[in-house]
Amino acid sequence: MDDSRINRTTARRIRVRGQVQGVGFRPFVWQLAQRMGVKGAVWNDAEGVQIFAVGVQLDAFETALQSQAPSLARIDAVETTVEKLGKLPFDFVITSSQGKGNQTGVTPDAATCDACLAEVRDPAQRRYGYAFASCTQCGPRFSILQGMPFDREMTSMARFAMCAACRSEYESPQDRRFHAQPIACPDCGPRLWFEVDGTEISGDAIQLSAQRLKEGAILAIKGLGGFHLACDARNAAAIATLRLRKRRLTKAFALMGTLPVIRRHTDISPKEETLLTDPSAVVVLLDKSREPLPENLAPGLATLGWILPYTPLHHLLLDAVECPLVMTSGNSSGEPQAIGNPEAREKLRDIADAYLMHDRDIVQRLDDSVEGLTQHGRMVLRRGRGRVPATLPLPPGFEDAPQVVAYGGQIKSAFCLLKSGKALLSHHLGDLDDPQAWDRFQKDVTSYSRLFDHHPSVVACDLHRDLRTSQLAAAQAGDMPLVEVQHHHAHLAACLAENRWPLDAGPVAGIILDGLGLGADGTIWGGEVLVGDYLGFRRAAALAAAPLAGGDAAQREPWRNAVMRLDQAGLADLADTLFSDWPRNLLRQVATSGINAPLSSSAGRLFDAMAACLGLATDRQSYEGEAAMRLQALAQRAPDAFGTPYPFAYREGVLDPIPMFQSWAYDHSNGVPAEVGAARFHAGLAQAFAGAARTEVEAGRAKAVALSGGCFQNATLLDMVLRYLRDIPVLIHTRIPANDGGLALGQAVIAAAGSIRGG
Ligand SMILES: [Zn+2]
Ligand SMILES: [Zn+2]
């Protein structure tokens, strides 16, 4: 550089905030500085990355910092101050981390990058065939993290001492493994082996595994966030055996395949391919549109969940088996998946025929994320590995929010921490009725709080005090304020927060179609139009209530809801004909007595009722949401998916499905195909609720419509509601689940809003 051109305005201190540590950001800055003739230094600190830069092209340098950043980096802000230049630096250097504490994000785990994959497949490279290659652009992050900051000593890689070759890569700023904490090679890193009955079998672990899979065996495979159970996805008998052993009768299995394999079974749109190949490596729901696979992979559903291989281990295995694999979580149905080797040997003993094992410990138990794509964007069904612990920025008005912990719901559990203007929603923690899942939930609240240095001053939970999470919240709150949030208000607020609806932006009309949640009036809600914001709400409309005859049994057994709804519609005779094999009269006595038959406006149970009328999962659902998912799959087969909607009656805030059931009964008696009935049901429900929400907007009582609740995981319903609201601003979920997996975010922002407004 020509030193004469340097003056006091050519030195700057640049602060970069966001997800900028553990993603190769400092070597990227170093290389950029070399190219642009910039002198100075870069280092990590508690708030992110700091750069001291001296040069003549600093504007271009700053632009490039953002436009050319590494793929895993996520920049929230770049702040610059002009510095007085003392002595001119000779060169640009990377200096060691400074300061303690943690304001910066932890990076989620990332799928193997192209460069690492090429090395693993190249016989000339020292990592040829190595299952644990990774670099600053890919590999394990959160799943191996024990504490902050994200340094090797704080990960489960700590016990693997780097060899000289790895050390030199780790220390070289030009290398793509500069400060890559999980760096490893066959000489110094984790090791893979194949095991049967607790004994290691000598030979190539990948080849041995592939051989057994091809023979129809079930393998337990240790992955990134936990163990999977795998079998050949073309082998119906192996799939049936896996179902039996895992005690998972009908719930869909996820599949792993390479892109060419996936393309053989489904048509992938360019957007779906983009989502599949994202470093987050999520399971993507794709239509069963091409060469069929066995029906017992996902009985009665129109989609299959596909994931690409996302670690070198998975790539090597798929290269060797050359077929799609079932890749389902390594557990018995309902329990958390196994992560430790002894734990897996114990828990999966009666399920797996053999094990593909390694000796890198999994620290955070992370299920695969499950997502879909609609024409309206991403749809998150389960948020896990690859998506956590990324944070969401809070909406305007929440800058001074206190630190809040919110405990969420019960069945699709997740908690949420608010801090420094950001929300950290935990990964999916499963159904807390399972004692192991409950134990895990409590431990993870503690470990997240420690990792993210979180010290709440406000605690939030559901209004329903019998939930385990509500009891934990009450116990943890001590002297802190405990905010109990109505379930569907929390759904509404979660949708507002995700869409960064400002604190002062005014009320919206939330269409909340859900399972069950305790209502503000003591009855059970689940099909509502709530008008409000973070600070409060009123119930503007709701589905006409029906008894949940038999209480919990009514959640599991769709026929119960069908009999109640048909009886209400004056169609008891039809109910007797359709459900002659079930004890209808006993059920009616329960409903009349009112004992163990609470009234509910749940839209989820209305789906169950309609599904049972059409003969889907009539007797009982083998997993939550089965009846509704099968009803949706049926509706998609209708020749005109947007056929004439069945009518609902609307009177004084009550949306009554009586005319809907009467119209369906008429169709049924005239031999109209079931798929047409399913489509007309979806359209009717969408039209009724969209109409009620529209009324609120057109009367000036709401500024937009928000859609939330578990039923909005139904892409057909979502699409129809959006069509009816085409000319109105509508907020939907695209980054967090619409179901109870997103509930804690809503609870947290409601508690924060109350605190900010001195409530
Ligand atoms: Zn890589
Ligand atoms: Zn090494």
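In this predicted model, strands β21 and β22 (residues 482-485) run parallel and are joined by 4 bridges. A good place to see this pairing is Val459, whose bridge partner in β22 is Leu482. To get from β21 to β22, the chain passes through helix α12 (residues 468-477), and the resulting β-α-β crossover is right-handed. Strand β21 also pairs with β18 (residues 404-406), again in the parallel sense, this time over 3 bridges. Here Ala406 is found opposite Ala460 of β21. How much of β21 is buried? Of the 5 residues in this strand (residues 458-462), 5 are buried, so β21 is largely enclosed by the rest of the structure.

Stepping back, these strands belong to an open sheet of 6 strands with mixed pairing, and following the sheet across gives the order β17-β20-β19-β18-β21-β22. Which strands form the edges? They are β17 (392-393) and β22, each of which pairs on one side only. The partner of β17 is β20 (residues 422-425), and these two strands pair in the antiparallel sense over 2 bridges. Within this pair, Leu392 has Ala423 of β20 as its bridge partner.

Elsewhere in the chain, cysteines hold two zinc ions. Around the zinc ion (ligand 1), the protein donors are the SG atoms of Cys113, Cys116, Cys135 and Cys138, which lie 2.3 Å from the ion. Why is the arrangement around the zinc ion (ligand 1) called tetrahedral? The 4 donor atoms subtend angles of 104 to 117°, and this makes the arrangement tetrahedral. For orientation, the ideal angle for four tetrahedral donors is 109.5 degrees. Along the chain, the donors of the zinc ion (ligand 1) follow the spacing C-x2-C-x18-C-x2-C. Within this set, Cys113 and Cys135 link distant parts of the chain, 22 residues apart. Cys113 sits in the loop between β5 (92-94) and α3 (114-120), whereas Cys135 sits in the loop between α3 and α4 (164-171). Both of these cysteines, Cys113 and Cys135, are buried.

The zinc ion (ligand 2) has as its protein donors the SG atoms of Cys163, Cys166, Cys185 and Cys188, at 2.2 to 2.3 Å. Its 4 donor atoms subtend angles of 103 to 115°, so this arrangement is tetrahedral. The spacing of the donors of the zinc ion (ligand 2) along the chain is C-x2-C-x18-C-x2-C. Two of these donors, Cys185 and Cys188, are both buried, and the relative accessible area of Cys188 is 11%.

How many disulfides does the whole structure contain? A search finds 0. As a reminder, a disulfide is a covalent bond between the sulfur atoms of two cysteines. Cys231 illustrates the result: this residue is in no disulfide, and the nearest cysteine sulfur, belonging to Cys323, is 9.1 Å away. Cys231 is buried, with a relative accessible area of 0%.

Finally, helix α22 (residues 715-724) is mostly covered, with 7 of its 10 residues buried. The buried residues of α22 are Thr716, Leu717, Leu718, Asp719, Met720, Val721 and Leu722. Thr716 also takes part in a contact at the start of the helix, where a side-chain oxygen of Asn714 reaches to within 3.0 Å of the backbone nitrogen of Thr716.

Conventions:
Residues are numbered from 1 along each chain as its sequence is written. Chains are lettered from A and ligands numbered from 1 in the order in which they are written. This is a predicted model: local features need pLDDT of at least 70, side-chain atom pairs count only at pLDDT 80 or more; totals for chains, interfaces and linings use all residues. Side-chain values use heavy atoms; hydrogens and water are left out. Donors are N, O and S atoms within 2.8 Å of the metal (3.2 Å for Na, K and Ca); water is not among the atoms, so sites may look incomplete. Four donors count as tetrahedral if all angles lie between 85 and 135 degrees; four count as square planar and six as octahedral if opposite donors are over 155 degrees apart and all others between 65 and 115; anything else is irregular. Buried means under 20% relative accessible area, exposed over 50%, partly exposed in between (1.4 Å probe, protein chains only). Two strands pair if DSSP finds at least two bridges between them. A crossover is right-handed if, with the strands pointing away from the viewer, the path from the first strand over the helix to the second runs clockwise. A disulfide is a pair of cysteine sulfur atoms within 2.5 Å. A polar contact is a pair of N or O atoms within 3.5 Å; within protein, one must be able to donate a hydrogen and the other to accept it, and residues adjacent in sequence count only if both atoms are side-chain atoms.
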